[in-house]
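Biologist: Could you walk me through this one step by step? I'm new to reading structures, so plain words please.

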Amino acid sequence: MSATDTIATNLRALSRLRWLEVIFWLAAALTIVLFPNRYLILTEVAWLGLFALSLDLILGYAGIVSLGHAAFFGVGAYSAGLLAKHGIITEPAIALGVAGLAAMVLGFATSFLVTRGADLTRLMVTLGIALLLRELANRFSDITGGFDGLQGIVIAPLLGRFEFDLFGKVGFIYSLAVLFILFLLARRIVHSPFGLSLRAIKNNPLRAAAIGIPVNRRLIMIYTIAAFYAGVAGALSTQTTALASLDVFSFERSADLLLVLVIGGVGYLYGGIIGAVIFKFLQDWISALTPQYWQFWIGLVLVVIVLVGRERMRRWAGLPARDLSALLGLAKPRINEPQQPASGGGKP
């Protein structure tokens, strides 16, 4: 078997859902029945998980650092709000795709800036883009509503039948379905030759360019895809809350996103989703205990995770080496290289 066939076989094996992954998503679906009073926070978890997944695509797989990923989230949020407010597109599912495409266009337009320079340059450029868009949204307050936010958003029933209720049931089911579909698409992307080339670029961009991988083109592609995912997450936020404000462009939103990935793990598709679950419920629990100082305790958890490390925390908890994260496919995939025939000086 050739090297290409071996890699293709391994990629097909990696792209299949493991049985614990099926259980994971079935458990997520069961929350619709088990937690009828928590639909609103579960909806936030769903779109935050999708938002974190979008950042993980560029940070965990391509090594592109960003402090302004909220720019695409905000474009998606305002696009969905404006489409609904002015009745341009009344179907939420179609408006969701259009909002994602708007963020995708911005991602493609700014990707050429991100591919130039080192990590510090990327941090400053991405942060500057988000801050610039925030000021533009504030400047054109007659369109965006400025600091008061976009008012008068009325979201039409989903598929013309399912109205977004005050309890958030329809919004949660809708958000969970979108998250699952886009997760499967992201899984297919990272477990493809394109995904392998991204890992090669992250590990050593010079070597990747030397073996013929178009580094800048690959980075532009994944950055544009990640912008689409972030835009869809922002649109979900607006459609499920009927609100879009300048907060969607804030630095704090991008910082919270990085915190979610630190908690859940970078470079693993489930890391952003699990991090979103832990972050939102931890935030909800701590803010109920100490409304004024919840950020302090969240920061303390982050410091403990960074100083102690996940592996050591798992050992302290008595978890085996092959824990849930490994079974779910959170461990970085390893492609088995084909066996090379041993070279010797003798005759065959």
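What follows is a chat about this predicted model, going from the whole chain to single residues.

Biologist: How many helices and how many strands does the chain have?

Modeller: Let's start with the overall make-up of the 348 residues in the chain. No strands turn up at all, as their count is 0. For helices, the number is 16.

Biologist: What share of the residues is buried?

Modeller: The chain exposes about 18200 Å², and carbon and sulfur atoms supply 65% of that area. Residues can also be sorted by how covered they are. Out of 348 residues, the buried share is 46%.

Biologist: Over which residues is the pLDDT below 50?

Modeller: The chain as a whole has a mean pLDDT of 81, with 83% of its residues at 70 or more. One stretch falls below 50, although it has 37 contacts in the model beyond near neighbours in sequence. Where pLDDT is low, predicted coordinates shouldn't be read in detail, so go easy on that part. The stretch covers residues 316–348.

Biologist: Which helix gives the most to the largest nonpolar core?

Modeller: That core holds 89 residues, and Leu-50 and Ile-222 touch the most other members. Leaving out residues up to four places away in sequence, Leu-50 touches Val-178, Leu-179, Leu-182, Tyr-229, Val-232, Ala-233 and Leu-236. The top contributor gives 14 residues and runs over 39–59: helix α3.

Biologist: How far apart are the end C-alpha atoms of α3?

Modeller: Helix α3 is mostly covered, with 19 of its 21 residues buried. At 1.5 Å a residue, those 21 residues should span 30 Å. The model agrees with that, since the end C-alpha atoms are apart by 30 Å.

Biologist: Ala-46 and Ser-175 are 129 residues apart in sequence, so how far apart are they in space, C-alpha to C-alpha?

Modeller: Ala-46 lies in helix α3, and it counts as buried because its relative accessibility is 4%, under the 20% cut-off. Leaving aside neighbours within four places in sequence, Ala-46 is in contact with Ser-175, Leu-176 and Leu-179. The C-alpha distance between Ala-46 and Ser-175 is 5.9 Å.

Biologist: Which residue's backbone oxygen does the side chain of Ser-79 reach?

Modeller: Ser-79 is found in helix α4, residues 70–85, and is buried because its relative accessible area is 17%, under 20%. Beyond its neighbours within four places in sequence, Ser-79 is in contact with Ala-99 and Ala-102. Its side chain also reaches a backbone oxygen at 2.6 Å, and that oxygen belongs to Val-75.

Biologist: Is Ala-242 buried, partly exposed or exposed?

Modeller: Ala-242 sits in the loop between α11 (215–241) and α12 (251–264). Its phi is near 55°, a positive value in a residue other than glycine. The relative accessible area of Ala-242 is 33%, between the 20% and 50% cut-offs, so the label is partly exposed.

Biologist: What is the C-alpha to C-alpha distance between Leu-282 and Trp-294?

Modeller: Leu-282 is found in helix α13, residues 269–289, and is buried with a relative accessible area of 18%. Not counting residues up to four places away in sequence, Leu-282 touches Ile-298 and Val-301. Leu-282 and Trp-294 are 12 residues apart in sequence, and their distance in space is 9.2 Å.

Conventions
Residues numbered from 1 in each chain as written. Predicted model: local features only at pLDDT ≥ 70, side-chain atom pairs only at ≥ 80, totals over all residues. Heavy atoms only, no water. Helix = DSSP H or I, 4+ residues; strand = E, 2+ residues; numbered from the N terminus. Buried < 20%, exposed > 50% of the residue type's maximum accessible area, 1.4 Å probe, protein only. Areas by Shrake-Rupley, 256 points an atom, 1.4 Å probe, with all protein chains shown as cover. pLDDT = per-residue confidence, 0-100. Contact = heavy atoms within 4.5 Å. Core = buried A, V, L, I, M, F, W, Y, C linked by side-chain atoms within 4.5 Å. Polar contact = N/O pair within 3.5 Å; in protein donor to acceptor, adjacent residues only side chain to side chain. Expected span 1.5 Å × (residues − 1).
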